[in-house]
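Visitor: Please show me the model. I would like to know what stands behind each term you use.

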Amino acid sequence: MQVDKKDIRILSKDELREFFVSLGEKAFRGNQVYEWLWKKSVYSFEDMTNLSQDLRHLLSAHFVINHIEVDQMQRSEDGTIKNAVRLHDGLVVESVLIPTENRTTACVSSQVGCSLDCKFCATARLKRMRNLNPDEIYDQVAALNKESRLYFNRPLSNIVFMGMGEPLMNYKNLVKAVEKISSPEGLGISPKRITVSTSGVPKMIRQLAEEGLGVKLAVSLHSAIDSTRTRIMPFNEKLNLKELRSSLEFWYSKTKSRITYEYVVWEGINDKGKDIEALIHFCRFAPAKVNLIEYNPIDEGGFKQASPQVVRQYVNALESAGITVTIRRSRGQDIDAACGQLANKAQRD
Ligand code: SAH
């Protein structure tokens, strides 16, 4: 009879040590295996070369290593790399590596699909199938880290949770993944270099503030006027701007960490003076940075990026109000790797 083997990566380091002791082996073997599994990210017991053949066989008799597989890697003309990542149950998510002169940023997914309904986002067209587990989040980062070393001769400098899904709706797994990514026994990437991007889930922003992880927060605002925001992000009807703002005040009081706002300016939606005033009014209570993101069209009609003149008006007004503002150039458009384009066409069609 075939017995279902357990995923070894569910075990803590202590549990691995205990496993070896229970078989009359030395406890430190557990440390070695733990290092192979996390720091070195190997996906086969065969690769654990400081263990004897017998021990490797013993492990494979008891356990499996459930891991991601990079199914397809695409490179954009601008150097951006997109991985289609196959999970152990066959579902696929996408993650992206974005090189600039000084940085290499990993953009990772937190869910398969998304339960939110932002009208301008391709991922929203996929229904949410499931949350990613902590290992699946970790593996995406580890895979991009390897690619970063291979193609750009440097490790990842930053991680953003701006791939598929809403990270704060997969809260526990997000936290576990961040802890492992930042641990010296994992990838050792400082939480200061990790940004959690949320469409704005007030209750979970408060929880993240209490958690004390040390990560940065980005909020996809897109409008600071409730009626407009609800039109483009319908969940705003319940999780409205007042609630969001109060959770952000709490975030700042706890963390003293600057908040980034992501914002696309669309023609006929949020391109008026009143939109700019509302944005300034909304975010000036604490140190803030506004990232004006270029719109990446996802289908025919509906949304159109506002003109450079309007974007300039935003920049001027924000700067006059003492708010840092950057215009984020779109990357990886030719391979559908840009913000809001992650939809994993194979899965959708
Ligand atoms: N759910 C999280 C993270 C995923 S989206 C969030 O909402 O923040 C990552 C960023 O891409 C968000 O700021 C989102 O608003 C933005 N985005 C979504 N669709 C886009 C599109 N078509 N063009 C440009 N940005 C888009």
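**The ligand and its shell**

Guide: By class, 8 nonpolar, 9 polar and 3 charged residues form the shell around the ligand. Ala, Val, Leu, Ile, Met, Phe, Trp, Tyr, Cys and Pro count as nonpolar, Asp, Glu, Lys and Arg as charged, and the others, Gly among them, as polar. This is a predicted model: local features need pLDDT of at least 70, side-chain atom pairs pLDDT 80 or more, while totals for chains, interfaces and linings use all residues. Residues are numbered from 1 along each chain as its sequence is written, and side-chain values use heavy atoms, without hydrogens and water.

Visitor: Which residues come nearest to the ligand?

Guide: F120, S197, S220, H222 and N296, of the 20 around the ligand. A residue counts as near if one of its heavy atoms lies within 4 Å.

Visitor: What makes the pair between S197 and the ligand a polar contact?

Guide: The term needs a pair of N or O atoms within 3.5 Å. A polar side-chain atom of S197 is 2.6 Å from a ligand oxygen, so the pair qualifies. S220 also places a side-chain N or O atom 2.6 Å from a ligand oxygen. For E166, a polar side-chain atom lies 3.1 Å from a ligand nitrogen.

Visitor: How much of the ligand does the protein bury?

Guide: 96% of the 540 Å² that the ligand exposes when taken alone. The areas are Shrake-Rupley values with a 1.4 Å probe.

Visitor: Which domains does the assignment give?

Guide: Domain 1 (2–64) and domain 2 (69–348). The bounds come from an automatic or database assignment. Their C-alpha centres lie 36 Å apart. Each domain brings 9 residues to the contact, meaning heavy atoms within 4.5 Å.

Methods
A polar contact is a pair of N or O atoms within 3.5 Å; within protein, one must be able to donate a hydrogen and the other to accept it, and residues adjacent in sequence count only if both atoms are side-chain atoms.
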